Every structure is written in structure tokens, then in C-alpha cells.
Amino acid sequence: MITKPALLLYAFVALDGTPEATRRGWHRLSELWSAARTLGAITEPSLGESAPAHLPDLATDGGGFRVVASARRGTPGRTRSMFVFTEHGVAGLIAAVSADRDGFEGWNDLADSWSALAQPHTDLLGTTAVLVGLSSDPNGVDRIGATSRQISSVFGGLEHVSQEGSGPGGATLWRFTPALGPTQVYALAAPESAEDLVDAWAWATDGRQGLMPFTRYCLNLHRAGRQLSIYRALRPAAKLVADTDEASGILLRELGREGRHGLDTAALVAADERMRLDQLAKPGLVWRVTRILEMAETVRTLRGNARRHQLSEPSGMFADDDMELSRFVDTLEREVVFLEAVNRRIEAVHTAAVSAITIAMERRRERVTLMQTSLLGALLMALAAIQSFQYTAPIDDRAKGPLIGTLSAAAFALPFLVVRWSGMVTHRDPYQWADLLAAGLFGGTLGWLATTILWTVTTRGVAPFWSTATASAIGAAFVAWLTWQLLRQRRPVSSSSG
């Protein structure tokens with residue numbers, strides 16, 4: 001015979017996620033509060049807090065434990081009370097509902113009326129339903145467990161899952177759901193003499209504010225379960241490694257490809273950049289390693305918290321939970337070791353690419369320096385010869401100005417052409433504005449020179465301003481457009497991994 005059959009309901013929400021997720025979770029908690037308030041006539045204020053019809057619009061997490069709303073039964077009958085709390089990034093609804101009649105029928109009444117409130121929801125960390133029954137017969141505890149198995153299915157319990165653990169004062173606890181699932185369903189049976197101990201372990205006790213040990217234990221399991229669901233939703237590590245190896249393979253092929261003019265540094269830099277960005281992006285290798293390290297530390301902390309809220313050394317169900325949490329931590333740590341080994345391989349490829357690029361660029365700088373030295377030497381030799389022989393070029397005075405402008409523009413554009421040709425500045429580098437300026441100046445002065453020569457040869461006169469301005473504008477626009485097209489054609493296209 002069950003005396004004082006009751007139902008404990010826990011519903012938890014994370015407040016440390018995105019603002020939208022926090023808003024949705026708090027809204028769901030408010031819906032549960034309103035439903036429980038109506039269903040159980042839990043309308044009277046208690047614990048010095050108000051009992052509003054709806055919770056405030058936004059949760060306020062001040063750090064430590066804080067009761068936001070609290071209510072108790074407003075009609076005659078057995079105990080029915082609940083409260084909503086916030087604490088360190090978590091909010092929750094804790095409710096205790098006693099049936100109005102004894103026996104297994106009381107549990108049936110609670111299951112018929114309250115089971116909908118214990119269903120899992122994507123906006124919650126998790127929900128816990130605990131069927132509590134006391135027995136005046138010490139031998140009746142096991143019979144309570146057998147009966148609770150049937151009723152637990154209404155709350156989401158599974159017939160083939162049953163774990164047993166010891167509670168306070170000779171109580172026995174059964175669980176009918178996986179430990180890290182979004183819903184936990186328990187049955188707690190105890191002798192009548194242990195009623196106060198059961199309340200102090202799983203519900204509340206006079207003079208003590210905060211969550212009781214078993215409530216905190218369930219909260220830690222739910223938080224670990226959320227980490228497990230996040231981990232399972234990640235891209236498979238094998239797919240991540242395959243994509244990373246593909247990117248490093250492209251880089252290795254570029255390292256092994258050397259044409260007549262040496263390494264294609266632009267393609268090599270593009271392949272290395274793609275590999276590095278793929279690693280740092282959200283689904284990438286570096287992001288995955290840091291995320292798994294954070295997750296492993298979180299689960300280790302939750303495991304330690306769960307151990308502190310057990311009655312004694314883990315045994316039975318509690319030992320199984322500890323082993324499952326430890327297996328989860330081991331899985332995360334093994335993945336970190338594996339991914340860090342892959343990362344070291346990638347770093348070796350990146351180091352080889354950087355070394356090859358550095359050597360290639362150094363060689364090109366040496367060639368540019370040699371070319372600059374040769375060009376300057378030739379110019380100096382030509383100037384010395386012109387001065388020594390007093391040579392004067394037979395150029396019409398009207399063409400000297402445009403010719404000087406064209407040569408000056410060519411001298412301005414030559415360094416940009418040299419660094420582009422040599423590869424010291426790749427076609428991915430943002431220097432197009434300087435290239436276009438140099439091209440425009442050269443094209444404009446070339447148009448000026450061309451119209452001057454044309455008017456000198458055909459009319460023996462000076463080119464009018466409109467002709468010079470038109471030819472300069474056309475020349476500047478054409479050469480700048482041609483340069484832009486060449487830069488676009490030679491700019492490597494960066495692809496991303498799937």
C-alpha cells in the first residue's frame with residue numbers, strides 16, 4: 001500500500017546561450033509555470049515571493065541562487081507547491097504535487113493529469129519526473145518499484161530500461177530512462193519513517209534555501225546530456241579530417257609543381273590560405289579541437305558536481321552514471337589527441353609551404369635587384385655617352401613635352417610591372433588602384449604624344465586642346481581597362497572545402 005503518493009517535477013533552462021535561445025527557454029518555463037498553476041490550483045504566494053499568473057518576460061540571472069516566483073496550493077488538500085529559481089546561468093521550475101488519495105490510484109491520478117508537463121522540449125535543458133511513494137510495510141518498497149514501472153511509461157519511461165540506486169533512510173530509487181537523455185523518469189519508494197529525509201534529499205526542507213542534493217544531481221545530468229547532444233550534432237570527425245587532408249593535399253601538389261619560372265607563389269599562397277581558413281572556420285579543425293577541449297572540461301566539472309551530490313560512494317545506478325560520464329570524457333579526450341595529431345601534420349605542410357614561398361620570393365628579389373642594377377647601369381652609361389659626344393636627338397620641339405611626359409609615366413609604371421611580373425606582389429594583393437593609376441597615366445601621356453605627332457606630321461601645326469584632351473582621355477581609359485582585365489584574368493579563384 002502506498003501512502004502519500006506524490007510527483008516531483010524538475011524543468012531546467014539554460015540562460016547562458018544566445019539571447020534568442022534564452023528567450024525561448026524562459027518562455028517555455030513560463031508556460032509550464034502557468035499550466036502547473038492552473039492544473040494544481042497552486043495560486044497562493046509562498047516563501048515571501050509573488051505567485052504571478054505568468055513569469056516575468058525576461059529571466060534575471062544574478063549569479064547566486066534566487067527564487068523568482070513561488071506558490072502553494074490555494075485549495076484544501078495535500079501539499080502542492082512550486083517555485084522558479086535562477087542560479088549561475090540556469091533557471092528551473094521545481095514542483096511537488098501530492099495526490100489526494102493513497103494507493104497506486106493516487107499515482108494514476110497524477111499520471112493522468114500531470115504527465116504532459118514532464119515531456120521533453122527542445123528549448124529546455126531537460127525535465128525530470130519522480131514518482132514518490134511511502135510504505136508503512138518495510139517489505140512494500142520493492143512492490144512499489146514494480147508498479148511504478150508501468151506508470152512511468154506515461155511520463156516517457158522505457159520498459160526495457162531500469163536502473164536501481166539507494167536513497168536516504170532505506171529508500172530505493174529506480175530510473176526508467178537513459179541517464180543523459182532529455183527526459184528522466186524515476187520512482188522513489190521509502191519507508192514512512194524516512195519521509196523527512198526524502199524531502200530534504202529531493203524536494204525541500206524548512207530553513208534551507210536552494211536546490212536539494214538529488215535535484216542538483218539531476219540538473220548536472222541534464223547539463224551533461226545537453227553537451228552530449230551538441231557533440232553528436234557536430235560534423236563527424238572522419239569527414240572533418242578528410243576535408244582537411246584534401247586541403248593539405250592541394251597545397252602539397254602546389255609545392256611539387258614547379259614550372260619554367262619556378263614555383264607559382266600566387267597559387268601556393270592561395271592554397272595555404274584556403275587550408276588555414278578551413279582550419280579556423282567554425283566547422284574546421286582548430287575550432288573543433290578548442291570546442292572539444294571546452295566540452296571535456298565542462299563534462300569533467302559536471303561529473304565532479306554529480307559525485308558531490310550523491311549520498312556516498314557511487315553504487316548501482318549512480319556508479320553507472322559516473323561510468324557513463326567518464327566514458328564521455330574519455331571519448332572527448334581521445335578525439336582531441338587524434339585531432340591534434342592531424343593538426344601537427346597540417347602544421348608541417350604549412351611550414352613547408354611558408355619555407356618554399358620564402359625561398360622563391362628571395363630568389364625573385366635577387367633577380368629584380370639584378371635587373372634594376374643592370375637597367376640603372378645602362379641608363380647611366382647612355383647618359384654619360386650622350387654628354388661625352390654632345391649628342392642631340394632630332395626631335396621637334398612640339399613633341400618634347402609629350403615625350404617627356406610619356407617617359408616619366410613609363411618610369412612610374414615600370415616598378416609596378418616589374419613586381420607583378422616577378423611575383424613579389426601576387427595578383428591577389430590589393431594593389432590594383434596603384435596599377436590602374438600607373439596604367440592611366442601611361443595611357444594618357446601616350447595619347448597626348450600620339451595626337452601631337454599626328455598633328456605635327458599632317459598639318460605642321462600645334463594640336464588643339466580638344467584633340468589633346470580627347471586622345472589623352474581615350475588612351476588613359478583604354479590602358480586602365482586593359483590592365484584591369486589582365487588583373488582579373490590572372491587573379492586566382494579561392495575555393496572552399498565542402
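**Entry 1: the pair in α8**

I looked up arginine 300 and found it partly exposed, at 28% relative accessibility. I was working on a predicted model, and I keep that in mind for each entry below. Arginine 300 forms a salt bridge with glutamate 297, and their closest N and O atoms are 3.0 Å apart. I asked where the two residues sit relative to each other in helix α8. They are three residues apart in that helix, so about one helical turn separates them. I then checked glutamate 297, which is partly exposed with a relative accessible area of 43%. I also noted a network in which salt bridges that share partners join Glu20, Arg23, Arg24 and Asp123.

**Entry 2: the pair between α8 and α9**

Next I looked up glutamate 335, which forms a salt bridge with arginine 288. The closest N and O atoms of this pair are 2.7 Å apart. Glutamate 335 belongs to helix α9 (residues 317-389) and arginine 288 to helix α8 (residues 285-308), so the salt bridge ties together parts that are 47 residues apart in sequence. Are the two partners buried or exposed? Glutamate 335 counts as buried, at 8% relative accessibility. Arginine 288 is buried as well, with a relative accessible area of 5%. The cut-off for buried is under 20%, so both values fall in that class.

**Entry 3: a pair between two loops**

I turned to aspartate 102 and found a salt bridge to arginine 78, with the closest N and O atoms 2.7 Å apart. This pair links distant parts of the chain: aspartate 102 is in the loop between β5 and α2 (104-114), arginine 78 is in the loop between β3 and β4, and the two are 24 residues apart. Aspartate 102 is partly exposed, with a relative accessible area of 28%. Arginine 78 is also partly exposed, at 29% relative accessibility. For the record, I put down the general point that side chains of opposite charge can pair when their charged atoms come close. How many salt bridges does a search of the whole structure find? I have 15 salt bridges written down for that search.

**Entry 4: the sheet**

I traced the open sheet and counted nine strands in it. Their order is β2-β3-β4-β5-β1-β6-β9-β8-β7, and the pairing is mixed. Which strands stand at the edges? They are β2 (42-45) and β7 (163-166); each has a single partner strand, so one side of each is left without a neighbour in the sheet. From one strand to the next the twist averages 20°.

I looked more closely at strand β3 (residues 66-73) and strand β4 (residues 80-87), which pair in the antiparallel sense over six bridges. Alanine 69 has valine 84 in β4 as its bridge partner.

**Entry 5: helices on the sheet**

I followed helix α1 (residues 19-39), which lies across β1 (3-14), β2, β3, β4 and β5 (90-98). Helix α1 runs at about 165° to β4. Helix α4 (residues 195-202) also packs on the sheet, where it touches β1, β6 (126-135), β8 (172-175) and β9 (183-191). The direction of α4 makes about 155° with that of β9.

**Entry 6: alanine 41**

I looked up alanine 41 and found it in the loop between α1 and β2. Alanine 41 is partly exposed, with a relative accessible area of 24%. What is alanine 41 in contact with, leaving aside its neighbours within four places in sequence? I listed Ala36, Arg72, Arg73, Gly74 and Thr75. I also took the distance to arginine 80: the two residues are 39 apart in sequence, and their C-alpha atoms are 8.4 Å apart.

**Entry 7: a nonpolar patch**

I searched the surface and noted a nonpolar patch of about 350 Å², made by Leu375, Leu376, Leu379 and Leu414. Helix α9 gives the largest share of the patch, three residues. I checked leucine 376, which is found in helix α9 and is exposed, with a relative accessible area of 53%.

**Entry 8: totals for the chain**

I closed with the whole protein chain, which has twelve helices and eleven strands. Of its 498 residues, 45% count as buried. Among contacts between residues at least 6 apart in sequence, 70% join residues at least 24 apart. The accessible surface of the chain comes to about 25500 Å², and 60% of it belongs to carbon and sulfur atoms.

Methods
Residues are numbered from 1 along each chain as its sequence is written. This is a predicted model: local features need pLDDT of at least 70, side-chain atom pairs count only at pLDDT 80 or more; totals for chains, interfaces and linings use all residues. Side-chain values use heavy atoms; hydrogens and water are left out. Two strands pair if DSSP finds at least two bridges between them. Helices (H or I, at least four residues) and strands (E, at least two) are DSSP runs, numbered from the N terminus. Axes are lines fitted to C-alpha atoms, for helices over the stretch in contact, and angles run from 0 to 180 degrees between N-to-C directions. Contact means heavy atoms within 4.5 Å. A salt bridge is a side-chain nitrogen of Lys or Arg within 4 Å of a carboxyl oxygen of Asp or Glu. Buried means under 20% relative accessible area, exposed over 50%, partly exposed in between (1.4 Å probe, protein chains only). Patches are made of residues with over 30% relative accessible area and no salt bridge: like charges are joined within 9 Å, nonpolar side chains (Val, Leu, Ile, Met, Phe, Trp, Tyr) within 5 Å. Accessible areas come from the Shrake-Rupley method with a 1.4 Å probe; for residues, only the protein chains shown count as cover.
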